[in-house]
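Got your viewer open? Here is a short tour, one selection at a time.

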Amino acid sequence: MKIGLVGLGKMGFNMRERLRAHGLEVIGYDPRPEVTDVGSLAELAASLEGPRVVWVMVPAGEITQSTIAELADALEGGDLVIDGGNSRYTDDAVHAELLGARGIGFFDCGVSGGIWGRENGYGLMVGGSEPDVAKAMPIFDALRPDGDAADGFVHAGPVGAGHYAKMVHNGIEYGLMQAYAEGYELLEAESLIADVPGVLRAWSKGTVVRSWLLDLLVDALEEDPELAQITGYTEDSGEGRWTVEEAIKHAVPAPVISAALFARFASRQDDSPAMKAVSALRNQFGGHAVKSASPKNSASGS
């Protein structure tokens, strides 16, 4: 099978290599000349025989939208476009309509596996029609982990279902990472614990909290035991916010995911205005001590 792959970043590059290792012919396009196989999306389309299959693996939002619009002009009826990025599920219907007007098929695929997917395989969550998904099964079989297909691939429903499933997946990921991070900080705070990395590693086999995320935290601490080489500033890529918004829409309580998202917001504040207000209130109603700002943070130094 021969396919086009748009976007050769950390995920897309490794996906191209895994697909090729499984016998698929992949023509990749990326604006960076050092990694691309062709010079443009039009050239990519011309290098594929119809009916073409093109997998889009670019950042969600405007870049995905412009890429799909350009593909709508470059491809022909009977071709198929797969959005494997982290697009918001509500964008999928728009893309399906745009391409469908040209007779081009479309479906979405949530992809999990990060930079380790090339070696371990990717978790795949697909939203689309049965005929379109069937056309792409050789791609999914190459990308997913070895073993039972159901352990790494699901046709979750119609267009939009794949990205919705991936959104919830990433929301859960936020909560899991935050729980491990809080446990790590609590261990660090207790003088009785002489070997924090060792404690976490001892949880990695046999315990009920073992997981790949825990293994990755252990690896990170082996490389940098005090995590001194990084700051706590943590971005969010959108899926956590969308998950919380969906929880509100459906009146589904999601306190853990919500708290994990807000913790990321807090990580970006050097000196939280909200917590300053809390400190001031405690001082006002109870006379509780407040910590004065340092001279470098206050013109008066008091």
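Start on the outside: select I115, W116 and W212, which make up a nonpolar patch on the surface. Together they have about 340 Å² of accessible area. Keep in mind as you look that this is a predicted model.

Now keep just W212 lit up. This residue sits in helix α10, which covers residues 212–223. Is W212 buried or exposed? Neither label fits: W212 is partly exposed, because its relative accessible area is 43%, and that value falls between the 20% and 50% cut-offs.

Next stop, the inside. In soluble globular proteins, nonpolar side chains tend to be buried together. Here, the largest nonpolar core has 26 residues. Select W55, I82, I139 and F140, the members with the most contacts inside this core. Then colour the elements that give two or more residues to the core: the strands β1 (2–6), β3 (53–56), β4 (80–83), β5 (105–112) and β6 (123–127), plus the helices α1 (10–21) and α7 (137–143). Which element gives the most? That's α7, with four residues.

Zoom in on W55 and show what surrounds it. Setting aside neighbours within four places in sequence, W55 is in contact with G4, L5, V6, M15, I82, G84, C109, V111, I139, F140 and L143. Apart from the core you just coloured lies another one, of 19 residues. To find this second core, select V6, I27, L44 and L99, which are among its members.

Time for a charged residue: go to D37, in the loop between β2 (25–29) and α2 (41–46). D37 is partly exposed, because its relative accessible area of 36% lies between 20% and 50%. Which residues does D37 touch, not counting those up to four places away in sequence? They are R16, R20, V26, I27 and G28. Show the side chains of the two arginines: D37 makes a side-chain polar contact with R16 at 3.1 Å, and another with the side chain of R20 at 2.9 Å.

From D37, try a distance label to K291, which is 254 residues apart from it along the chain. Their C-alpha atoms are separated by 59 Å.

Finally, zoom out and show the whole chain as a cartoon. You should find 13 helices and seven strands. The C-alpha atoms fill a box of roughly 75 × 40 × 40 Å along the principal axes. Of the 302 residues, 38% count as buried. Switch on the surface to finish: the chain exposes about 16400 Å², and carbon and sulfur atoms supply 57% of that.

Technical notes
Residues numbered from 1 in each chain as written. Predicted model: local features only at pLDDT ≥ 70, side-chain atom pairs only at ≥ 80, totals over all residues. Heavy atoms only, no water. Patch = residues over 30% accessible without salt bridge, like charges linked within 9 Å, V, L, I, M, F, W, Y side chains within 5 Å. Areas by Shrake-Rupley, 256 points an atom, 1.4 Å probe, with all protein chains shown as cover. Salt bridge = Lys/Arg side-chain N within 4 Å of Asp/Glu carboxyl O. Buried < 20%, exposed > 50% of the residue type's maximum accessible area, 1.4 Å probe, protein only. Core = buried A, V, L, I, M, F, W, Y, C linked by side-chain atoms within 4.5 Å. Contact = heavy atoms within 4.5 Å. Polar contact = N/O pair within 3.5 Å; in protein donor to acceptor, adjacent residues only side chain to side chain.
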